[in-house]
Amino acid sequence: MISGNFPALTDTLPIGLGVIWGSPQWLIPASIVAVLLSGMTLWNYANSRSMGNLRWFAATLKIAAIVLAAICLLQPMRTSERARPKANLLPILIDQSESMSMKLSSSSGSRGERIEDLVNDQNEWLRRMEQDFDVRGYHFASRVAKIPFGTANDFELETTNENASNLSTSLASIGERFSGRPLAGVLLFTDGNATDSAASFDWTSVGCPVYPVLPSESDTMADIRIRDITVRQTDFESAPVSVRVQVESTGDDRELVVLLQDREQPESVQETKLTLPDGESVGEVTFQFRPDQPGLRFFTATVFAERDRALFELDADEERLSSSSEATQVNNRRLVTVDRDAGPYRILYVAGRPNWEFKFLRRAISSDAEIQLVGLLRIANKEPKFSFRDQGVAGTNSLFRGVDDREAELAQQYDEPVIIRMGVKESDELSDGFPESADELFAYQAVILDDIEPEFFSEDQLLLLRQFVSVRGGGLLMLGGQESFSGKAFADSTLGELSAVYGPRSNQEGAASNYQFTITREGMLEPWIRLRDNERDENARVNQLPNLTTVNAVGDVKPGAFVLAEVSDENGDTTPAIVAQRFGKGRTAAIPVGDLWRWSMHRSTQADENDRDDPAQMWRQMAHWLVGEVPRRVDARVEQNGESQSGVDLVVSVVDEAYLPLDNANVELTVTPIGSEPIVLKATSDDQNAGVYRVTYWSDQPGAYRVAASVTGPDEAPIGFAETGWASEPEVKEFQNVGLNRELLETIAEQTGGKVVDDDELDAFAAELPTQKMPVTQTWTYPLWHSGWWMTAMIGCLCTEWGLRRWKGMA
């Protein structure tokens with residue numbers, strides 16, 4: 001009962017149990033009477049010998065009854081603090097996301113239906129809550145919304161098709177909405193499978209206790225899902241696209257089927273069967289394939305039980321899928337994005353003399369539609385120019401005698417080396433030899449130097465080549481030969497700085513010998529070095545190669561560089577054969593071997609119709625490694641928006657001809673949802689990063705999206721084009737775990753000062769909650785002397801004492 005005011009009560013008392021006296025003025029009279037009666041009792045029993053020692057126990061019982069009666073005169077009362085009725089707010093937050101519609105294995109209803117049964121007007125706990133608190137009802141999925149709630153309304157939870165459970169955002173929103181108001185706590189109904197940044201959220205910022213309500217029994221569901229997908233792709237023939245699909249089965253199904261289907265070519269399907277060992281619930285399969293075309297491609301990965309194959313056919317409708325024994329089929333499929341950059345890539349090959357290396361390199365590249373090889377070959381060194389020649393003696397090199405007059409300006413003079421060009425796109429391309437400007441050199445993605453000395457280049461050209469690698473991010477490959485890696489002149493030049501190996505310690509030259517080629521452990525890990533799928537086959541291939549005979553003498557490997565292959569001579573001494581390193585934004589490699597063409601010669605003599613052209617594949621892989629990470633003037637990428645799961649940031653990076661950030665470009669993005677109409681967006685400059693443009697796209701529908709970025713300069717001149725894309729799958733996080741995330745909910749309760757409540761204990765929780773620490777409280781008093789246990793104790797003492805005296809014949 002709630003009593004009125006008493007003399008000993010104050011307006012405020014600390015939380016906790018306490019005892020006050022309703023009539024303290026009776027303390028002295030009650031004490032005197034109790035002492036007198038107790039003394040008389042002791043005197044009476046002291047003079048009675050018939051009860052023996054039992055008389056002292058009887059005396060104690062009677063004195064206890066006297067003391068209890070005396071205390072009743074003082075009106076003892078118990079006091080505590082409890083929530084003032086209707087003064088504190090109690091929001092009830094209910095998860096309305098799609099995961100709440102999943103069927104429970106332990107009952108015929110879903111989680112949402114279970115919550116409906118808990119919060120209807122027939123439950124006593126809700127009535128009790130409404131008596132003590134100002135109860136407000138809210139539901140959440142992607143955002144929080146108020147709902148009619150309480151015993152005066154018919155509550156019905158309508159789960160939405162939203163694949164979002166923004167748990168941390170919703171709780172933070174409740175805390176902000178009632179900031180500064182008396183908030184008793186938040187009663188939370190959810191499965192705990194959040195789709196926002198709940199793992200790193202500071203739950204103490206909610207500002208009030210959170211009480212998650214969970215089923216008391218376990219709700220383990222039978223479900224098969226794709227747990228994770230990893231895509232590994234390179235441009236190398238020996239390492240095709242690898243898609244690793246990790247699956248999990250929480251039911252009894254052990255025989256699983258995993259499919260990978262090309263969305264643009266539905267008839268192209270790869271299938272792998274997987275048997276999970278007993279006691280294991282997780283397994284994985286790997287698909288390897290080579291897309292027939294570069295660019296952006298989308299695939300669909302699907303997993304299902306072998307016995308449900310007919311239900312998961314590619315054209316299966318939702319009604320057929322609903323007959324599956326799984327809790328949900330949403331997490332059985334995932335989109336896979338494969339983005340292989342498309343060319344053309346241009347490589348400039350510069351050689352000091354015609355050789356077999358260029359022949360086989362050019363032949364190998366000719367079969368690759370993504371790479372264009374441009375050759376610059378010196379066929380004669382410059383000759384001394386004499387001023388005392390006859391009038392009939394021409395100033396051009398004798399190799400150009402007889403050329404047409406219209407081509408005379410292209411003929412080299414006596415003091416110029418004779419260079420021929422191969423594979424150029426325009427007649428004036430490289431007409432003056434090696435490029436002397438950034439605009440000309442930066443048009444290539446990579447440069448290969450073969451048997452060329454540093455003196456071939458001017459100092460400006462060498463500095464330009466250094467900028468090509470470090471600033472533009474291009475690739476540089478140095479091949480061996482008579483003029484390569486030669487002595488101190490090489491070591492002190494810019495080529496020596498760019499090289500992955502130091503120059504030789506002296507002007508020593510490589511000695512002729514039989515060199516055995518081997519791939520190092522680091523080389524086996526590089527897809528562009530190996531040509532076979534495993535180490536055993538690769539070693540077997542290398543052992544069949546003919547020995548090399550021409551290897552340049554080089555110094556030590558530079559710090560940070562990796563030795564990917566070695567050659568060993570007849571004495572067992574080793575020399576680096578392939579060394580690679582990063583240099584600024586680009587990469588360089590050194591191959592101080594002068595006769596790699598021997599492998600192609602050997603292959604040509606041993607070839608048959610089914611034989612693989614390993615040397616040609618080696619050259620193509622080296623070429624792709626050189627250009628694989630070279631930036632373009634326009635680059636587009638997709639980043640996850642930090643504010644919402646449904647938004648993505650489309651980011652475009654633009655550079656000028658010198659590959660420096662360009663801030664005044666016009667960037668237009670065309671977003672095409674697969675199967676829908678395209679949308680054109682304008683990107684704006686990033687305030688924090690030069691040359692970066694971004695725009696946010698909010699995808700309201702799941703599926704695959706293509707993005708085409710078209711960039712023009714301030715004068716509307718075209719700069720470049722880039723393509724990218726992404727897959728929007730909000731259901732991935734929503735159904736990442738179909739079971740209850742008890743661990744997260746327990747963490748929320750612990751950090752906020754609440755506790756996890758079993759749904760069958762809601763009545764007891766409703767009675768206990770008002771006695772917890774609340775913002776607004778009132779003093780609650782209860783007279784102890786009116787309680788039944790007080791009167792029972794007093795009467796029990798008197799009756800027991802009388803029974804003992806009666807037993808001993810004293811009554």
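**View 1. Helix 9 and the elements around its buried residues.** Helix 9 (residues 459–470; helices, H or I of at least four residues, and strands, E of at least two, are DSSP runs numbered from the N terminus) has twelve residues and reaches 17 Å from its first C-alpha to its last, close to the 16 Å expected at 1.5 Å a residue, where the expected span is 1.5 Å times one less than the number of residues. This is a predicted model, in which local features need pLDDT of at least 70 and side-chain atom pairs count only at pLDDT 80 or more, while totals for chains, interfaces and linings use all residues. Residues are numbered from 1 along each chain as its sequence is written, and side-chain values use heavy atoms, with hydrogens and water left out. The buried residues of helix 9 are Q461, L462, L464, L465, F468, V469 and S470 (buried means under 20% relative accessible area, exposed over 50% and partly exposed in between, with a 1.4 Å probe and protein chains only). The elements against which these residues pack include helix 8 (438–441), strand 18 (446–450) and helix 11 (494–498), contact meaning heavy atoms within 4.5 Å.

**View 2. Helix 19 and its two sides.** Helix 19 (residues 788–807) has 20 residues, and its first and last C-alpha atoms are 28 Å apart, close to the expected 28 Å. Its buried residues are W790, M794, C797, E801, L804 and R805. Seen down the axis of helix 19, these fall within an arc of 105 degrees, so they line one face of the helix; the arc is that of the directions from the helix axis to the C-beta atoms. The face turned away from the buried side carries the exposed residues W789, T792, R806 and W807. Among the elements that cover the buried residues are helix 1 (27–46), helix 2 (54–73) and strand 2 (76–83).

**View 3. Strand 6 between strands 3 and 7.** From strand 6 (residues 186–189), V186 and L188 point one way and L187 and F189 the other, and all are buried. Strand 3 (residues 89–95) runs parallel to strand 6 and is joined to it by three bridges, with I94 having F189 as its bridge partner. Four bridges join strand 6 to strand 7 (residues 210–214), again in parallel, and here V186 is partnered by V210.

**View 4. An open sheet of four strands.** The strand order is 24-25-29-28, with antiparallel pairing (two strands pair if DSSP finds at least two bridges between them). Strand 24 (634–640) and strand 28 (684–685) stand at the edges, each with a single partner strand, so one side of each is left without a neighbour in the sheet. Two bridges join strand 28 to strand 29 (residues 692–698), where S685 has Y693 as its bridge partner.
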